[in-house]
Structures are given as structure tokens and as C-alpha cells.
Amino acid sequence: MTSLTVPVLERDDALDWYRRNRKRSRSLFDMVRPSAYESRPIPLRHPPVFYEGHLPAFSFNKLVRETLGRPSINPDFERLFERGIDPTPGDPGAKATTERPGWPSRDEVQHFGSLCDDAVERALRTGELDVPGNPLLERGHAVWTILEHEPMHHETFAYILHRMPYANKVRPQNYQPPRDAEHPRLRRVEIPAGTATLGARRERVAFGWDNEFEETSVPVSAFECDVYPVTNREWMNFVRDGGPVPSFWIESDGAFKLLGAWEILPMLESAPVWVTNEQARAYASWCGRRLPTEAEYHRAAFGTPEGGERAFPWGDDPPRAEHGNFNWQSWDVAPAGAFPSGASAWGIFELIGNGWELTATPFAPFAGFRPHAVYPVYSADFFDGKHYVVKGASPVTPLAHIRRSFRNWYYADYPYLYSKFRTVAS
Ligand SMILES: [Fe+2]
């Protein structure tokens, strides 16, 4: 058997990562003005108070209490902040879970958070975290779970902050609004038939979420793919022909502008348009084309003309800032084509970064799926045919989630996601 080199997470690195996560959480919650702490800018999402309690509660519950079997520190809060998955639209229970008669004060939430942090840090320093044969601890499973969970919420909290009125939030001091650039020329490339490798083999990666396993080979027929994502200018033609207005566009003085996270931005014509899966599909059929499948995305992003596959579109080097608009380099979309070093082997731009890539593939498990040991409901609740896979990354997707097998999923009409698309044809 060939020896496999899978990176091991050292205690010091885990502690460091945990503290970096906590620091970012704190900075995000500090952007909310006290008067808006219990507000819900996205109706079916919880208010900021919930998320500020949920992040430390999840880490404590999963690693310290459930996995290592240590005692509770505050059973009421551990339950109150247990699960951050939001209610389904139209669910009659939705109001009950999001509209509590009274949330704890921010001081109480932060005090609880610091108790959780102490317990989690103690566990990271001295707990038995890597126990072969124990599914919760095999290869540090519980530790990876809490460390990748927190930055997921940083991203989804950014969507919530985005929808908060400007008066209710404090903008980051170093914020720089994006600038438009020359509009890219419409180009398409032919991708010959080949095989796409989706997912990963458990023993080949240090960690993955349940929906990333097992590795799956998918034959893909030849198709033609847009080199650039569809831009705001291109979408404007669709709107003039009766197409829907994206939720990131606002009409002011008879012209469309962009709803930026921190201010109203001029229309960035050269930037990808952020839309829903449903809207993107409408645009694609208006052009006589369609959205790529998840496997076609993989061919375009990771396949090569020589028949091989890469770890990333640009090759096997780990992601760096020049490869794309991700990892909090920016709060906003950037002009299409701004990251040429991130292009794939076929010369296709920004398959990772600048907005998730919408696909036509309903979110479903690969053969060999097993629910995540530490967090069994992570994916399983969403295999309902109503969620669609998105791939790649948005400007606020952390480096930790930038890997070939990572999958994300949303409702077809979820309007708050930073998601772009390109069209393909058979
Ligand atoms: Fe969560």
C-alpha cells in the first residue's frame, strides 16, 4: 500500500486557528450597532444575538461535552444556542424559533462564550483529540469540525450584515469600495468529453464534511463553456427584455446601482452579476443555453487538456490572494477577469472566488455517504431535491473551505447568497 501524506493538525495550530476564528467572530458581531443586536435583517434568519452565542456553544457542545464527555457549563444556553440552521420558509415553527420573547443580554452571551472558549482551549491543549477507531475522534474529527464550522458562519453572517440597514452597522475602517474595469469580451471554450472526479477518498484528505465522500468518477460529454461569468452589463440586456432584477441591484434616480455591504455602489458593469439559481437558469434559457452540472464545473475547473486533474484551477499550489477574490480580501464583487493567475487549464476565469458558481445539480449524497459523526444532520436534512450545489468560493469564503471536494448548497430562490454563474451548451 502506498503511504499517504495527509496533514495532521497539531495542537498549537488548532489553538491558533480557534483563536483566529474567535477573533473574526468578535469583529463581525462588533459591526452590529447595539440597537440592532436582536434585529433580523433577513426574516427567516436568526438575529445576531443568536449567532454570537451559537458559535462558542457549538464548539463547546460538540467537542467538549458530546465528544470528550465533560460536564455542562450552562445547560440552558447550550440548548438555546445549539443549532444555527435556519427554519424552512413557510414552516409554522419558524416564528417560534426566531422570535423569542427575550434574548439574553450581550454581556450574558459574551460571558457564556468566554466560558465555552476556556473549556474548548483546555480541550485543545490537553484533551485526547486523535483516537483511532473512535469515529468522533479519528484523525481529529471533532476538532476539524468545530474549526471549519465557525468560519462557515462568518460567511453566512456576512450575508446577514449585508442586508442590515447602513445605519445599524459600523463599517470596517479599511473598507475600500470596488471599481469597475474594462468589460471582458464574451468568449467560450470547448471542453472535450472526459471524466470528472467529484468528492474525495476519506483516507486521502485530512478532513472533509460528510457530503464530500466517497470519491465519485463521473463521465462528462463534450460541452462549450463561458470563459467569464455573466456580468451585470450582460444581465442588463436580460432585464430590458423582461428578465428579473437581482436582489443586489437597487433602482435609484431611474438607474440601477449595486447594494454593497457598506454603501450603495455604482453599477459595476464588468463584474459578475450575483443572482439565484432560478434567475440564472432563466437567463441561460433566454440565451438558449443552460447552467453547468456539478460534474461539468469540475471538468472546467480541475480538468486539463492532457486528461489529468488538478487540485485547484490554477494547479496544485495552495490558494493565494492572486488566485481569486476569496478569503475576505474584499467584501464586494470584483470585475470579471481581475485574477488571471487563477484561470483553469482551459483558460476559464474565476471558477473559485468572486461568488459561488451556481450549478444545475440538486444537492444529493455520493455513493458511500455516511452522516458526519460529530454532526450527523449537517447534510442529511438537505437532500430534498430543493437545494442545488454551488461550488468555488465567494469573497468571504475562508481558505479552509477552498478545496476541490468542498460542496455548498442553497435553495433555488435564496436571494442573499454571493453567487454568480456562467452558461454552457452541449
Ligand atoms: Fe452552526
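**Notebook: helix 9, iron site, rings and strands**

**Helix 9.** I began with the buried residues of helix 9, which are Glu294, Ala295, Glu296, Tyr297, His298, Arg299, Ala300, Ala301 and Phe302. Helix 9 covers residues 294-302, and nine of its nine residues are buried, so the rest of the structure largely encloses it. I note that charged residue names such as Glu294, Glu296 and Arg299 are on that buried list.

**Confidence.** I am reading a predicted model. I looked up the pLDDT next. The protein chain averages 94, and 94% of the residues score at least 70. Where does the pLDDT fall below 50? I find this over residues 92-96. That stretch has three contacts in the model beyond near neighbours in sequence.

**Iron site.** Which protein atoms are donors to the iron ion? I list His54 (NE2), His149 (NE2) and His153 (NE2). They lie 2.1 to 2.2 Å from the iron ion. Along the chain I read the donor spacing as H-x94-H-x3-H. His54 sits in helix 2 (residues 48-67) and His149 in helix 6 (residues 141-162), so this pair ties together parts that are 95 residues apart in sequence. Are His54 and His149 buried or exposed? Both are buried.

**Aromatic pairs.** I searched the whole structure for ring pairs and got 41 aromatic pairs. I picked out Trp17 and Trp144. This pair is edge-to-face, with 5.7 Å centre to centre and 85° between the planes. It links distant parts of the chain: Trp17 is in helix 1 (residues 11-30) and Trp144 in helix 6, 127 residues apart. I checked accessibility for both rings. Trp17 is at 12% relative accessibility and counts as buried. Trp144 is also buried, with a relative accessible area of 12%.

My second pair was Tyr159 and Tyr418. Their ring centres are 4.6 Å apart and their planes are at 85°, so I log the pair as edge-to-face. Tyr159 lies in helix 6, while Tyr418 lies in the loop between strand 10 and strand 11, so the pair ties together parts 259 residues apart in sequence. Tyr159 is buried at 0% relative accessibility. Tyr418 is buried as well, at 0% relative accessibility.

Then I followed the ring pairs outward. They link Trp17, Phe58, Trp144, Phe207, Trp209, Phe363, Phe369, Tyr375, Tyr378, Phe382, Phe383 and Trp409 into a cluster. Both rings of my first pair, Trp17 and Trp144, are in this cluster.

**Cysteines.** How many disulfides does the structure hold? I count zero. For Cys225, the nearest cysteine sulfur belongs to Cys287 and is 13 Å away. A disulfide needs the two sulfur atoms within 2.5 Å. Cys225 is therefore in no disulfide. Cys225 is buried, with a relative accessible area of 2%. I also looked up Cys116, which counts as buried at 0% relative accessibility.

**Strands 5 to 7.** I moved on to the hairpins. Strand 5 (residues 249-252) and strand 6 (residues 255-259) run antiparallel and are joined by four bridges. Which residue of strand 6 is the bridge partner of Ile250? I find Lys257. The hairpin of strand 5 and strand 6 has two residues between the strands, and there Asp253 takes a positive phi near 50°.

Strand 6 carries on to strand 7 (residues 264-265) through two bridges, again antiparallel. Here Leu258 has Leu265 in strand 7 as its bridge partner. I note that strand 6 and strand 7 form a hairpin with four residues between them.

**Strands 8 to 11.** I looked up the open sheet last. Four strands form it in the order 10-9-8-11, and the pairing is mixed. Which strands are at the edges? They are strand 10 (408-411) and strand 11 (419-420), each pairing on one side only. Four bridges join strand 9 (residues 387-393) to strand 10, and these two run antiparallel. Within this pairing, Val390 stands opposite Asn408 in strand 10.

Terms used:
Residues are numbered from 1 along each chain as its sequence is written. This is a predicted model: local features need pLDDT of at least 70, side-chain atom pairs count only at pLDDT 80 or more; totals for chains, interfaces and linings use all residues. Side-chain values use heavy atoms; hydrogens and water are left out. Two strands pair if DSSP finds at least two bridges between them. Donors are N, O and S atoms within 2.8 Å of the metal (3.2 Å for Na, K and Ca); water is not among the atoms, so sites may look incomplete. Buried means under 20% relative accessible area, exposed over 50%, partly exposed in between (1.4 Å probe, protein chains only). pLDDT is the predictor's confidence in each residue, from 0 to 100. Contact means heavy atoms within 4.5 Å. Rings of Phe, Tyr and Trp (its six-membered ring) pair if their centres lie within 6.5 Å; planes under 30 degrees apart count as stacked, over 60 as edge-to-face and the rest as tilted.
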